[in-house]
Amino acid sequence: MKKYILLFLILSISVSLSAQKYFTKTAKVSFYSSAPLENIEATNNAVGILLNAESGDLNFSLLIKSFVFEKKLMQEHFNENYLESDKFPKAKFQGKITNLSEVNFTKDGKYTIEVSGDLSIHGETNRIKEPAVILIKNGKPSVGASFSVLLSDYKIKIPSAVRDKISKDVKIIISGSLKEL
Amino acid sequence: MIPIKKIFILLLFPLGLFAQAADELEALMGDQEPSTVYVNNAFKSSRVINGHSMEMIGEGVLDFRILHRFGLVKNGLKDLFGLDQASMRMGFDYGITKDLTIGIGRSTIQKELDGFIKYRIIQQQRGKKDIPVSLILIAGSTIRTSTFTNPAFDAFENRMGYYYQAIVGRKLNDKFTLQLAPTYVHRNLVETAADKNGMLALGIGGRAKVSKRTAIVLDTHPILYGARSNYNKLPLSIGVDIETGGHVFQLHLSNARGMNEKAFIAETLQDWGKGEFQFGFNLSRVFTVKKNTSTSF
């Protein structure tokens, strides 16, 4: 009996220590706001994604100041007035793939996943649940997702003077190719 | 027999690893903050009210500026407190790089053209290097194009004026900014033999932010040398900046009628003490000429 318990313990620890993790720090996040008077879009090419294939943990992290806008003044206003990036420098997502068993990381293919977790922007955190896609090619995973967030959920205020220039909900698109850690 | 406690602790070990995923990501990302953080938005625009501010307008950006100065407030209701009379300046500033701006403008007063080059030598920053102030140098000249009342003076060089300025400014915190600007103004033609061609002034500019998009600004240029006593007066302006989208509106009260350095420093004859001040507004509209591709400016 002792031996079986010991063997079980060694196996469970060794399995967790060798959990396959995938990482990138150059994933891309873009957001789009479409309003009657103006369309706003920006891209961040320095997004970090960590995926644990064993547990299904999926984490994102990005620096707000790394969003690039075509119009410099828009970028300044975004950082200074809307996202207050000096106070809240990062946006993060901490969650899990809820249907992890449906993904086979060793078999090439396209897998639709459900992701659930906490999204933190501008000092506010909200639980979100969205579909996403994992594409396995040559054993390497890529992640992609597209969803909307309500600016008011993150206390991002739109002054009435620019009401027709910024939409209340913003579309976010995430994509990244991950490498084994 | 293996103690139950030890088994329990060993089984919990893997759970501890999973809960650290978020911290692990942050550790892998490393320090993403850029090594140098440049200080921006010390003022909401490239002018305090009349004088240049320590802010530059950015590479590839065109700033269209319209300035209005109305008549004296003390003219009263019949003149709509001065609104019935207006003089104005129209100008264009262009950011060649984030540290170099050029600009031209024309004022209705004396139909005066003005042009300048503004170069930022040092930008206030923290990080790799902690630099507490921004240092900007400006050189400009003015050309009066209106007719001389006395044709004896009508020579091209008599139309010209020059100014040279160094701005030392610091954004003290999110709410307060202060800048000092020693300025030399030279006028080729002055009013009388008693007036000096060259004047030295110390520009003082300050801003107090009252909300995310509004601020109170103060702009004054006390003349240290070259003023004719009881003639040249201290130019002082106080105003409110309102920022919306691509515009900055500024409403102010001032005794300085001129809208370029030579005019408002050397030719302010109205006296605050005698209630000789007027409403004015500055409107700045920014256009993107060259698309931005950088995260730092």
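A residue counts as buried if 20 or more other C-beta atoms lie within 10 Å of its own, as exposed if 12 or fewer do, and as partly exposed in between, with C-beta atoms placed from the backbone. This is a predicted model, in which local features need pLDDT of at least 70, side-chain atom pairs count only at pLDDT 80 or more, and totals for chains, interfaces and linings use all residues. Residues are numbered from 1 along each chain as its sequence is written, while chains are lettered from A and ligands numbered from 1 in the order in which they are written.

Two residues of chain A have a positive phi without being glycine; they are listed below with their places, where helices (H or I, at least four residues) and strands (E, at least two) are DSSP runs numbered from the N terminus.

| Residue | Phi | Loop in chain A | Other C-beta atoms within 10 Å |
|---|---|---|---|
| A:Glu84 | near 50° | between H2 and strand S5 (90-97) | 18, partly exposed |
| A:His122 | about 55° | between strand S6 (109-121) and strand S7 (124-137) | 19, partly exposed |

Most residues other than glycine have a negative phi.

A nonpolar core is a set of buried Ala, Val, Leu, Ile, Met, Phe, Trp, Tyr and Cys residues joined through C-beta atoms within 7 Å. The largest one has 37 residues, of which A:Val47, A:Ile49, A:Leu50, A:Leu51 and A:Val143 touch the most other members. Two or more residues each come from S1, S2, S3, H2, S5, S6 and strand S8 (140-150) of chain A, and also from helix H2 (21-29) of chain B. Another core lies apart from it, with 13 residues, including B:Met199, B:Ala201, B:Ala256 and B:Ala266.

Contact means that the C-beta atoms of two residues, placed from the backbone, lie within 7 Å. Neighbours within four places in sequence aside, A:Val143 is in contact with A:Ile49, A:Leu51, A:Ala132, A:Ile134, A:Ile174, A:Gly176 and A:Leu178.

Between the chains, 34 residues of chain A are in contact with 32 residues of chain B. On the chain A side, helix H1 (2-17), strand S1 (21-34), strand S2 (39-52), strand S3 (57-63) and helix H2 (72-82) each give two or more residues.

Chain B contains 3 helices and 15 strands. Its radius of gyration, taken over C-alpha atoms, is 26 Å, well over the 19 Å from the globule rule (2.2 Å times the number of residues to the power 0.38) for 297 residues, so chain B is more spread out than a compact globule. The C-alpha trace of chain B spans about 115 × 40 × 35 Å along its principal axes. Of the 297 residues in chain B, 36% are buried.
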